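Here's a quick tour of the model, from the whole fold down to a few individual residues. Keep the structure open while you read.

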Amino acid sequence: MNEAPGVARDRAWTFDAVESVSRTFALSIDLLEEPVASWVCTGYLLCRIADTVEDDPTIPPGVRADILETYDAVLDPRTETGVPAFLEAVEPVRPADGGADWEVVDETARVFRVFESFPAEVDEAMRPVVREMTGGMADFLRRYDDEGGLRLRTLEELEDYCWYVAGTVGELFTNLLGCYGTAGPTPDPEDARSFALLLQLVNIAKDVRADYETENNVYLPAEWLAEEGLDHADVGDPDQVPGVARVVRRLTDHAAAYAPGARRYLDCLPEGQAMLLEAMGMPYLLALGTVRELRGRSREAVDRARTVKLRREEVEALLAEAESGLTQAELSRLAERVRAGPYHRSDLSVR
């Protein structure tokens with residue numbers, strides 16, 4: 001990759017930055033070959049900057065929406081708004097100890113320098129998608145400005161939200177595959193949507209307690225809670241854990257119903273080309289494993305934050321499979337094994 005030394009340093013930093021904010025996503029990026037790896041890494045950080053602002057409960061929702069709209073203006077090539085304007089909007093409300101996520105926000109200029117070094121077709125594949133995410137987030141924040149946090153009402157609203165925060169990321173990846181010129185068939189948009197909904201709905205189900213405690217957000221639909229005689233406030237009530245857990249289990253089953261469409265999406269990825277199948281197959285397998293865990297541990301997801309997740313040993317065993325290369329048949333075999341129970345290192349010899 002031919003680029004100026006400063007951009008080369010910034011590009012190397014983007015990989016470290018992704019590792020610092022999302023080890024799970026970093027696993028997928030590490031499986032990709034260049035130039036797709038750099039494109040996806042930078043695209044993810046552009047999305048993560050917006051997500052960090054959207055998620056921070058210390059900032060009033062309306063202020064977060066204002067900041068996101070400034071960020072959207074930076075992304076809009078028709079305006080003269082630059083990164084300094086975005087950072088100026090952030091500065092008065094930036095948390096003093098925001099951790100790695102806010103450190104990435106501080107380095108927005110570095111992310112944009114790498115982004116602007118890409119070919120025009122990559123820019124065109126990424127910019128509208130990040131703007132769609134940013135605009136959707138701002139809309140939801142304004143919708144719930146008076147609540148102090150998101151309190152989603154219906155399943156339809158939940159899936160709309162999932163599209164903005166996760167489906168757009170999938171759309172970005174699909175667009176970048178087009179820039180790379182993959183040999184596979186074009187994915188059906190509904191299957192791409194299924195892939196995104198599987199991943200994001202599973203994340204919402206497993207993080208229900210953490211989202212409530214750290215972000216003041218409740219994504220479980222009010223209509224489903226009401227069927228259990230509950231409302232959003234009951235997510236934090238220890239006496240209501242059984243009822244909330246039934247809603248989490250229902251959401252888990254709903255997420256799992258998108259798995260067939262997600263698999264069809266992966267069917268469109270070529271084998272042995274830039275490690276694309278391996279990179280996208282990995283989050284799919286982790287989602288299937290998390291569904292398996294949630295079905296037996298939904299009460300734990302409600303009772304204690306961040307307790308329902310795959311053991312490190314299972315993640316490492318799956319990563320070893322991906323790193324050695326996957327065929328479509330091997331991905332299907334792994335999916336069935338993960339659904340049945342935790343995947344172990346000893347299973348590697350079964351291949």
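## The big picture

Buried residues make up 55% of the 351 residues in the protein. Keep in mind that this is a predicted model.

On secondary structure, the count is easy to remember: 17 helices and zero strands. The radius of gyration is 20 Å, close to the 20 Å that the globule rule gives for 351 residues, so the protein is as compact as a globular protein of that length. Lay the C-alpha trace along its principal axes and it spans about 55 × 55 × 35 Å.

## Contacts, surface and charge

How much of the contact map comes from residues 24 or more positions apart? Taking contacts with a separation of 6 or more, such pairs account for 73%.

As for the outside, the accessible surface comes to about 14,800 Å², and carbon and sulfur atoms hold 47% of that area. The protein carries 37 positive and 66 negative charges, and the mean positions of the two sets sit 6 Å apart.

## Helix H13 and its neighbours

Now zoom in on helix H13, which runs over residues 241-256. Its 16 residues reach 22 Å from first C-alpha to last, close to the 22 Å expected at 1.5 Å a residue.

The buried residues of H13 are Val241, Gly243, Val244, Ala245, Val247, Val248, Leu251, Thr252, Ala255 and Ala256. Which helices do those buried residues pack against? The list is H9, H10 (189-206), H11 (208-215), H12 (222-227), H14 (259-267) and H15 (276-303).

## Two residues on helix H9

H9, one of the helices that the buried residues of H13 pack against, covers residues 155-180 and includes Val165. Is Val165 buried or exposed? Its relative accessibility is 12%, so Val165 counts as buried. Leaving out residues up to four places away in sequence, Val165 touches Met133, Met137 and Gln200. There's also a long-range pairing to look at: Val165 and Asp51 are 114 residues apart along the chain, yet their C-alpha atoms are separated by 7.6 Å.

Glu157 is also in helix H9. With a relative accessible area of 7%, this acidic side chain's residue, Glu157, is buried. What does Glu157 touch, not counting residues up to four places away in sequence? Its partners are Phe140, Arg143, Tyr144 and Leu152.

Methods:
Residues are numbered from 1 along each chain as its sequence is written. This is a predicted model: local features need pLDDT of at least 70, side-chain atom pairs count only at pLDDT 80 or more; totals for chains, interfaces and linings use all residues. Side-chain values use heavy atoms; hydrogens and water are left out. Helices (H or I, at least four residues) and strands (E, at least two) are DSSP runs, numbered from the N terminus. The radius of gyration is taken over C-alpha atoms; the globule rule is 2.2 Å times the number of residues to the power 0.38. Buried means under 20% relative accessible area, exposed over 50%, partly exposed in between (1.4 Å probe, protein chains only). Contact means heavy atoms within 4.5 Å. Accessible areas come from the Shrake-Rupley method with a 1.4 Å probe; for residues, only the protein chains shown count as cover. Lys and Arg count as positive and Asp and Glu as negative; His and the chain ends are not counted. The place of a charge is taken as NZ of Lys, CZ of Arg, CG of Asp or CD of Glu. The expected span of a helix is 1.5 Å times one less than its number of residues.
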